[in-house]
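Biologist: I should like a close look at a single part of this model, described in connected prose. Please take one helix together with its surroundings.

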Amino acid sequence: ETLALKEADANFTDADRDHFVALAEKTCVAAPPQVLFMRDRDFHAFFIEKAANTWVSTFYRAIIDFLLVVRLPSSRKQRFADAGAEHLVIANAIRDRDLETALATLEMQIKRSRDWSIEARTGSAGTEQDSLRKMAK
């Protein structure tokens, strides 16, 4: 996703940047989990498609269902609120042409999503290696 965001940034028009912010804002509006998942997917899919990188978009489409399965256990209300706030930081940074902040925030979001998913599956907030060991047992 970070590669896609970097490549999309080079392709975004001003209208795309505004639309990206609008997509991020939608992820902050309370809704049932299914709607929030769709909004989250739309947010990420937008910049992946705008990257115009066939390899990235094909790979993303191939794993989108898997991502839903991974994210489902961590779909607590607070996680959606955190993700929405992160989306706003990312989109506003892209609008303001601050790619460094956008990428750093996206990387943080990816790591946090991974950690929350592991914690939800294992009931433990230990290190990633500890959690993976527990999952393997």
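The answer below follows one helix, its partner and the loop after it.

Modeller: The model is a predicted one, and the part chosen here is helix 3, which covers residues 33-50. Its length can be checked first. At 1.5 Å a residue, the 18 residues of helix 3 should span 26 Å, and the C-alpha atoms at its two ends do lie 26 Å apart, so expectation and model agree.

The buried residues of this helix come next. Leu-36, Phe-37, Asp-40, Phe-43, His-44, Phe-46, Phe-47 and Ile-48 are buried in helix 3. Phe-43 and Phe-47 thus both belong to the buried residues, and they also form an aromatic pair. The geometry of that pair is edge-to-face, with 6.0 Å centre to centre and 75 degrees between the planes. Because Phe-43 and Phe-47 are 4 residues apart in helix 3, about one helical turn separates them.

A second pair, in helix 4 (residues 54-71), offers a useful counterpart: Trp-55 and Phe-59 are likewise 4 residues apart there, about one turn of the helix. Trp-55 and Phe-59 are stacked, at 5.4 Å centre to centre and with 5 degrees between the planes. As to accessibility, Trp-55 counts as exposed because its relative accessibility is 59%, above the 50% limit. Phe-59 has a relative accessible area of 44% and is therefore partly exposed. In total, the structure holds 7 aromatic pairs.

The aromatic rings of helix 3 also lead beyond the helix itself. Ring pairs join Phe-43, Phe-46 and Phe-47 with Phe-12 and Phe-20 in a cluster. Phe-20 is one of the helix 2 residues that meet helix 3, and this brings the packing of the two helices into view.

The axes of helix 2 (residues 14-26) and helix 3 come within 8 Å of each other and cross at roughly 160 degrees. Helix 2 is therefore roughly antiparallel to helix 3, and the crossing of the two is left-handed. On the side of helix 2, the residues that take part are Asp-16, His-19, Phe-20, Leu-23, Ala-24 and Lys-26. They meet Arg-39, Asp-42, Phe-43, Phe-46, Phe-47 and Lys-50 of helix 3.

Asp-16 deserves a separate remark. This residue lies in helix 2 and, at 12% relative accessibility, counts as buried because the value is under 20%. Leaving aside its neighbours within four places in sequence, Asp-16 is in contact with Asn-11, Phe-46 and Lys-50.

There remains the loop. Helix 3 is followed by Ala-52, whose phi is positive, near 55 degrees. Most residues other than glycine have a negative phi. Ala-52 is found in the loop between helix 3 and helix 4, and its relative accessibility of 65% means that the residue counts as exposed.

Arg-97 can be set beside Ala-52 here. Arg-97 is not a glycine either, yet has a positive phi of about 60 degrees. Its place is in the loop between helix 5 (77-95) and helix 6 (99-122). With a relative accessible area of 52%, Arg-97 is exposed.

Conventions
Residues are numbered from 1 along each chain as its sequence is written. This is a predicted model: local features need pLDDT of at least 70, side-chain atom pairs count only at pLDDT 80 or more; totals for chains, interfaces and linings use all residues. Side-chain values use heavy atoms; hydrogens and water are left out. Rings of Phe, Tyr and Trp (its six-membered ring) pair if their centres lie within 6.5 Å; planes under 30 degrees apart count as stacked, over 60 as edge-to-face and the rest as tilted. Buried means under 20% relative accessible area, exposed over 50%, partly exposed in between (1.4 Å probe, protein chains only). The expected span of a helix is 1.5 Å times one less than its number of residues. Axes are lines fitted to C-alpha atoms, for helices over the stretch in contact, and angles run from 0 to 180 degrees between N-to-C directions. Angles under 35 degrees count as roughly parallel, over 145 as roughly antiparallel, 65 to 115 as roughly perpendicular and the rest as oblique. A crossing is left-handed if the near helix is turned anticlockwise from the far one by less than a right angle, and right-handed if clockwise. Contact means heavy atoms within 4.5 Å.
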